[in-house]
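Subject: Structure handover

Hi,

Here is the structure I promised to pass on to you. Have a look at it first, and then read on for my notes.

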Amino acid sequence: MMNQSKSQILIEMISTGDEVLYGQILDTNGAWLSEFLFQEGIPIITRHTVGDNLNQLIKTFQTHSLVNDIIIVNGGLGPTRDDLTARAAALANHEILELNQEWLNQIERYFANRGKIMPSSNIKQAMLPKSSKIINNPVGTACGFQMKINDCLLFFTPGVPAEFKEMIQTSILPEIKRYYPRIERQLCYQLTTMGRSESELATEIETKLMTSDDINIGYRAAMPYVELKLSGPEKKKDELDKLWREIKIIVSDNLLFEGRFAQQSGFGLARVVSELLHEKNLTVAVIEQQSAGVIGHLLFESDAPIIKSEVSPLLIDDLKSIFLQILTKNRADITLGIVNFKEKNSQFTLIIATANQILPINLKYTGRKQTRKIEQQTLAAIALDALRRYLLNKTLIGPNTWLEIID
């Protein structure tokens, strides 16, 4: 039963569509919503996926509405025959679809503003469950709508990511907060490390620290990174702050950065490096071999002051001479290189060169064999972290369980 005085609510997301169910497209909307609501202190409890099957959709809406306070349904609001969500919602609540003239007028205006006539198939997008209330879609033709089934509040949203995100941020989140004004906000602290495994970190942290039941320490490994999250109710902020200071001391040798930088494909670390380069007014040139341009791409996308990016597939004998030439020719302040990778024994050379010094380090990767993509991401992360550490006047290579320095 919906209870506006509840401090915690049960929220589920239901993603619809055969293309999502069968993995033909990734459920990026689900991932985004989970992160967005978590940061708002309203974590999703479960996520569920249903294909384009009318009976299964009806059954899902009926049964899942019995155990949740709120359900956010995504997809199936288009004009084609396989878009079944509105019809399923009506049947699940034992009601009919009715033409919503307000939204039909909106669709007609949408096409008229683009100099087009609305196809008759789009009328379907204005057929909504009788008890539903429109959620405006300012950027598309599929309106969202909300309704109750079994006293559970359901929000129905289009699958197009831009439309979905706009609707969540401007309409649905405020509506959730209106229904549940006493939601207990959850705080979340995040940091990213490299060089220690998930199990190593967890063992040390959970041996040294004691937490109450409503405070959670989470770990997410995505080679070569491990992200740590500390979360708990806002009323325990003092305890959370103390725990966070202690966690940062434990992971200090491996800490890359705090906060919500997207770590996907290494952009978080690249953005940290980019900020440091801008702060110190330094430019960089990048030469890489096995990482095949990944370092240059990450820095470029992070708006770093990169003036040259080159992939060198061959072994380089006279590293110091070559890197000085690159430095001088391109008028760069720093040249970063990761070259001479030897497939057989996973040895390679990391080098940072400036006008005043050249710092080559021979390294060996001792971790388990990875896919080529992960291998490239790992090498890029090693190079970017070395540059970060150099800019912070630290030793170039931090403690790393799967990296050996070769004399």
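Throughout this email, contact means heavy atoms within 4.5 Å. Helices (H or I, at least four residues) and strands (E, at least two) are DSSP runs, numbered from the N terminus. Please keep in mind that this is a predicted model, where local features need pLDDT of at least 70, side-chain atom pairs count only at pLDDT 80 or more, and totals for chains, interfaces and linings use all residues. Residues are numbered from 1 along each chain as its sequence is written, and side-chain values use heavy atoms, with hydrogens and water left out.

Let me start with the helix pairs.

From helix H3 (residues 54–64), the residues Leu54, Leu57, Ile58, Phe61 and Gln62 meet Thr85, Arg87, Ala88, Ala89, Leu91 and Ala92 of helix H4 (residues 85–92). This contact consists of 8 nonpolar, 2 polar and 1 charged residues; here Ala, Val, Leu, Ile, Met, Phe, Trp, Tyr, Cys and Pro count as nonpolar, Asp, Glu, Lys and Arg as charged, and the others, Gly among them, as polar. The axes of H3 and H4 come within 8 Å and cross at roughly 50 degrees. Axes are lines fitted to C-alpha atoms, for helices over the stretch in contact, and angles run from 0 to 180 degrees between N-to-C directions. That angle makes H3 oblique to H4, given that angles under 35 degrees count as roughly parallel, over 145 as roughly antiparallel, 65 to 115 as roughly perpendicular and the rest as oblique. The crossing of H3 and H4 is right-handed (left-handed if the near helix is turned anticlockwise from the far one by less than a right angle, right-handed if clockwise).

Helix H2 (residues 28–39) packs with helix H6 (residues 161–179) at an angle of about 25 degrees, their axes being 11 Å apart. H2 is therefore roughly parallel to H6, and H2 passes H6 in a right-handed crossing. On the H2 side the residues are Asn29, Trp32, Leu33, Phe36 and Leu37, and they meet Pro161, Phe164, Lys165, Ile168, Gln169 and Leu173 in H6. The split here is 8 nonpolar, 2 polar and 1 charged.

The third pair is helix H9 (residues 267–280) with helix H12 (residues 372–391). Their axes come within 10 Å and cross at roughly 30 degrees, and the crossing is left-handed. Leu269, Ala270, Val272, Val273, Leu276, Leu277 and Lys280 in H9 meet Ala381, Leu384, Asp385, Leu387, Arg388 and Leu391 in H12. The contact of H9 with H12 has 10 nonpolar residues, no polar ones and 3 charged.

H12 also leads on to the empty spaces. On a 1 Å grid over the protein atoms alone, a cavity is a set of points where a 1.4 Å probe fits but cannot get out, and a pocket is an open set with protein on both sides within 12 Å along at least five of seven lines; lining residues have an atom within 4 Å of a point. Grid points are joined across faces, edges and corners, and a volume is the space filled by probe spheres set on the points.

The largest cavity has a volume of about 100 Å³. Which residues lie nearest its centre? Of the 15 that line the largest cavity, they are Met194, Asp385, Ile397, Gly398 and Asn400. H12 gives the most to this lining, with 5 residues, and the lining divides into 8 nonpolar, 3 polar and 4 charged.

The second largest pocket holds about 360 Å³ of space. It is lined by 25 residues, with Glu19, Gly75, Gly76, Gly159 and Val160 the closest to its centre. Strand S1 (11–16), helix H1 (18–21), H2 and H6 each give two or more residues to the lining, which comprises 8 nonpolar, 11 polar and 6 charged residues.

Finally, two spots in the backbone. The peptide bond from Met223 to Pro224 is cis, with omega near 10 degrees, and Pro224 lies in the loop between strand S10 (216–222) and strand S11 (225–233). Asn150, in the loop between strand S7 (144–149) and strand S8 (152–157), has phi near 55 degrees, a positive value in a residue other than glycine.

Best wishes
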